[in-house]
Amino acid sequence: MRAAPSAEFTEAVLAVVAAIPPGRVMTYGDVAAVLGSRAARAVGNVMSWYGSDVPWWRVIRASGRPAAGHEDRALEHFRAEQTPLVTTDGGGYRVDLRRARHDPA
DNA sequence: AAGTTGACTTTCG
DNA sequence: TCGAAAGCCAACT
């Protein structure tokens, strides 16, 4: 285990993630931006620790791919929520950020 | 106080 | 469009 974020930071992140509507997604950087910071990595840490209590699959990387190692589980949710996806030739996939990106403002 | 780590981002080739 | 390298932030040792 590595560096559990402070309670303040954790609650703030969970609140933002929980506010993302179904079928939409936000990048780690976006979530951090809402908190007034650029700690995208710290956001990832919060997900690894408390992600089980929020729709963590709606938080993805700027590349349009979900958290590393969780792509399979995330795909199930995306298909269930009809999130805009882009299937790649290699059998992989990626979220269509241009359409699915959620703007909290 | 300095070094290490991570569900990241951006820039360059 | 893809991969490698450097940059950044927060928290731990």
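## Chain A and its contacts with DNA strands B and C

With 105 residues, chain A would be expected to have a radius of gyration near 13 Å if it were a compact globule, and its value of 13 Å agrees with that. The model is a predicted one. Along the principal axes, the C-alpha trace of chain A spans about 40 × 35 × 20 Å.

Chain A contains five helices and four strands. Their order along the sequence is α-β-α-α-β-α-β-β-α.

**Packing of H1 and H3**

Two packed helices are described by the angle between their axes and the distance between the axes. For helix H1 (residues 7-18) and helix H3 (residues 40-50), the axes come within 10 Å and cross at roughly 85 degrees. Angles of 65 to 115 degrees count as roughly perpendicular, so H1 is roughly perpendicular to H3. On the H1 side the contact is made by Phe9, Thr10, Val13, Leu14 and Val17, and these meet Ala42, Val43, Val46, Met47 and Tyr50 of H3. Sorted by class, this contact has nine nonpolar residues, one polar residue and no charged residues.

**DNA strand B**

DNA strand B is surrounded by 14 residues, and the closest are Arg41, Met47, Ser48, Ala62 and Ala67. Among the atoms of strand B within 4 Å of the protein, 41% belong to sugar or phosphate, and the rest belong to bases. Two polar contacts reach base nitrogens of DNA strand B: one from a polar side-chain atom of Arg41, at 2.5 Å, and one from a backbone N or O atom of Met47, at 3.0 Å. Helix H2 (28-34) and H3 are the elements that give two or more residues to the surface near DNA strand B. The largest share, five residues, comes from H3. A phosphate oxygen of strand B lies 3.5 Å from a polar side-chain atom of Arg61. By class, the surface near DNA strand B divides into six nonpolar, five polar and three charged residues.

**DNA strand C**

The residues around DNA strand C are Ala3, Ala4, Pro5, Ser6, Ser37, Arg38, Ala39, Arg41, Ala42 and Arg94. Of the strand C atoms within 4 Å of the protein, 92% belong to sugar or phosphate, and bases supply the rest. Ser6 places an N or O atom of its side chain 2.9 Å from a phosphate oxygen of DNA strand C. Sugar or linking oxygens of strand C are contacted by a backbone N or O atom of Ala4, at 3.2 Å, and by an N or O atom in the side chain of Arg38, at 3.1 Å. The surface near strand C has five nonpolar, two polar and three charged residues.

**Polar contacts with DNA**

| Residue atom | DNA atom | Distance |
|---|---|---|
| Arg41, polar side-chain atom | strand B, base nitrogen | 2.5 Å |
| Met47, backbone N or O | strand B, base nitrogen | 3.0 Å |
| Arg61, polar side-chain atom | strand B, phosphate oxygen | 3.5 Å |
| Ala4, backbone N or O | strand C, sugar or linking oxygen | 3.2 Å |
| Ser6, side-chain N or O | strand C, phosphate oxygen | 2.9 Å |
| Arg38, side-chain N or O | strand C, sugar or linking oxygen | 3.1 Å |

Definitions and conventions:
Residues numbered from 1 in each chain as written. Chains lettered and ligands numbered in written order. Predicted model: local features only at pLDDT ≥ 70, side-chain atom pairs only at ≥ 80, totals over all residues. Heavy atoms only, no water. Axes fitted to C-alpha atoms, helices over the stretch in contact; angles between N-to-C directions. Parallel < 35°, antiparallel > 145°, perpendicular 65-115°, else oblique. Contact = heavy atoms within 4.5 Å. Nonpolar A, V, L, I, M, F, W, Y, C, P; charged D, E, K, R; others polar. Near = heavy atom within 4 Å. Polar contact = N/O pair within 3.5 Å; in protein donor to acceptor, adjacent residues only side chain to side chain. Rg over C-alpha atoms; globule rule 2.2 N^0.38 Å.
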